[in-house]
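Biologist: Let's go through this model term by term. I will ask what lies behind each label, and you set the value against the rule.

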Amino acid sequence: MWWGVGAALVANALYSVGFVVEKRALGSLPALSAGRPLHVIRVLATSPLWIVGALALAAGFGAQLVVYRALPIAAAQGIFVSGLVLLLLLSSAVLGEESTGRERYALGGVLLALLMVVASVREGDDVVSGGAPWALVLLVCLPALAAGVWLYVRVESRAAKRHRVPTSGIGYGVAVGLLYGVSSLAIKGTSSRLTTTDLGEAAWSLLTSPYPYLLLFTAGAGLVMSQAALQRCRASLIVPVCTTVTCLFTAVLGTLAFGETLPDDPLLLALRVGGTALALSVLLAMPRHDPQPAAPS
């Protein structure tokens, strides 16, 4: 278990550094639009600094493969969310971003909610799943992908209207978080397929499953959507919202899809359900728009 915890902490550091480096690189790049995906990829490929951030994120995904081999899904998500603290520190020190008081209270509520979820996990009582029925995985993932793309397009169209108050990025974070939630389940499924030392057998088992194809779609769409959103919104807000949605989606629906049953103990069950409800409530209460700049005197 402890090497899984160590891998999760390494993944946290890689994700935080990767997002901050990408955000720093995006500030010097031309405006990106998710409606022009090939242009987005061409522009990003010209930035060495952005490539460094992308490599850090890719290494974080690799660390996730190790985590899901050692920890239950809900426990892994609880550790992943601790990376929000490092992300906020880095975004303040490197990017100079400052959160409002309301946002800091909201993020504290999100952290409390996800700690409630991980507190509902007991070592020895939760079993690390080795797989899930494909039909059930697709039943969970396909509606989430459709909802994420739809929400992103809706936020984009509303933000494009003239004289509209600038969006804070909550909608972008939720949309991308749904895609990354599906990606997280695909990583979990991929890790369950890489249990044999026979490379040919492992490759066949993986390619005949939906997981690599889900990963390809979420990697491509998530890359374009997240970078366009990250360029126009604060990393200190959009990344925590995205992380929260991803963790809740993975912990709740992933636990069900992969058969890692809910706690039998009423207290532990209340912690898991209550934490989920609290996090969703906080997301709904967070401001949708950035405050208007003060008029010059």
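Modeller: Which share of the 297 residues in the chain is buried?

Biologist: You tell me, and say what makes a residue buried.

Modeller: Buried residues make up 51% of the 297 residues. Buried means under 20% relative accessible area, exposed means over 50%, and partly exposed lies in between (1.4 Å probe, protein chains only). Note that this is a predicted model: local features need pLDDT of at least 70, side-chain atom pairs need 80 or more, and totals for chains, interfaces and linings use all residues. Residues are numbered from 1 along each chain as its sequence is written, and side-chain values use heavy atoms, with hydrogens and water left out.

Biologist: How many helices and strands does the chain have?

Modeller: Twelve helices and zero strands. Both are DSSP runs, numbered from the N terminus: helices are H or I with at least four residues, strands are E with at least two.

Biologist: Now the rings. How many aromatic pairs does a search of the whole structure find?

Modeller: Two. Rings of Phe, Tyr and Trp (its six-membered ring) pair if their centres lie within 6.5 Å. Planes under 30 degrees apart count as stacked, over 60 as edge-to-face and the rest as tilted.

Biologist: What makes Tyr-15 and Phe-61 a pair, and of which kind?

Modeller: Their centres are 5.7 Å apart, and the limit is 6.5 Å. The planes stand at 80 degrees. That is over 60, so the pair is edge-to-face. Tyr-15 belongs to helix α1 (residues 2-26) and Phe-61 to helix α3 (residues 48-70), 46 residues apart.

Biologist: Are Tyr-15 and Phe-61 buried or exposed?

Modeller: Tyr-15 has a relative accessible area of 16%, so it is buried. Phe-61 has 32%, so it counts as partly exposed.

Biologist: Why is the pair of Tyr-152 and Tyr-172 called tilted?

Modeller: The planes differ by 55 degrees. That is neither under 30 nor over 60, so the pair falls into the rest. The centres are 5.1 Å apart. Tyr-152 is in helix α7 (residues 134-159) and Tyr-172 in helix α8 (residues 170-193), 20 residues apart. Both tyrosines are buried.

Biologist: How do you know that the charged end of Lys-188 sits over the ring of Phe-258?

Modeller: It lies 5.9 Å from the ring centre. The rule asks for NZ of Lys or CZ of Arg within 6 Å of the centre and within 35 degrees of the ring normal.

Biologist: What makes an empty space a pocket or a cavity?

Modeller: We use a 1 Å grid over the protein atoms alone. In a cavity, a 1.4 Å probe fits but cannot get out. A pocket is an open set with protein on both sides within 12 Å along at least five of seven lines. Lining residues have an atom within 4 Å of a point.

Biologist: What is the volume of the largest pocket, and which residues lie nearest its centre?

Modeller: The volume is about 730 Å³. The lining has 33 residues; Tyr-15, Phe-19, Leu-57, Phe-61 and Tyr-180 lie nearest the centre. Elements giving two or more residues include α1, α3 and α8. The lining divides into 18 nonpolar, 14 polar and one charged. Here Ala, Val, Leu, Ile, Met, Phe, Trp, Tyr, Cys and Pro are nonpolar, Asp, Glu, Lys and Arg charged, and the others, Gly among them, polar.

Biologist: How many cavities of 30 Å³ or more does the structure hold?

Modeller: One. The largest cavity has about 80 Å³ of space. Its lining includes Phe-19, Val-176, Tyr-180 and Ser-226. The elements giving two or more residues are α8, α10 and α11. Eight lining residues are nonpolar, one is polar and none is charged.

Biologist: What makes the reach of Ser-209 to Leu-206 a polar contact?

Modeller: The side chain of Ser-209 reaches the backbone oxygen of Leu-206 at 2.6 Å. A polar contact is a pair of N or O atoms within 3.5 Å; within protein, one must be able to donate a hydrogen and the other to accept it, and residues adjacent in sequence count only if both atoms are side-chain atoms. For Thr-208, a polar side-chain atom lies 2.7 Å from the backbone oxygen of Trp-204. Thr-208 is in the loop between α9 (199-207) and α10, and Ser-209 is in the loop between α9 and α10 too.

Biologist: Which class of accessibility do Ser-209 and Thr-208 get?

Modeller: Ser-209 has 3%, so it is buried. Thr-208 has 30%, so it is partly exposed.

Key
Points joined across faces, edges and corners; volume = space filled by probe spheres on them.
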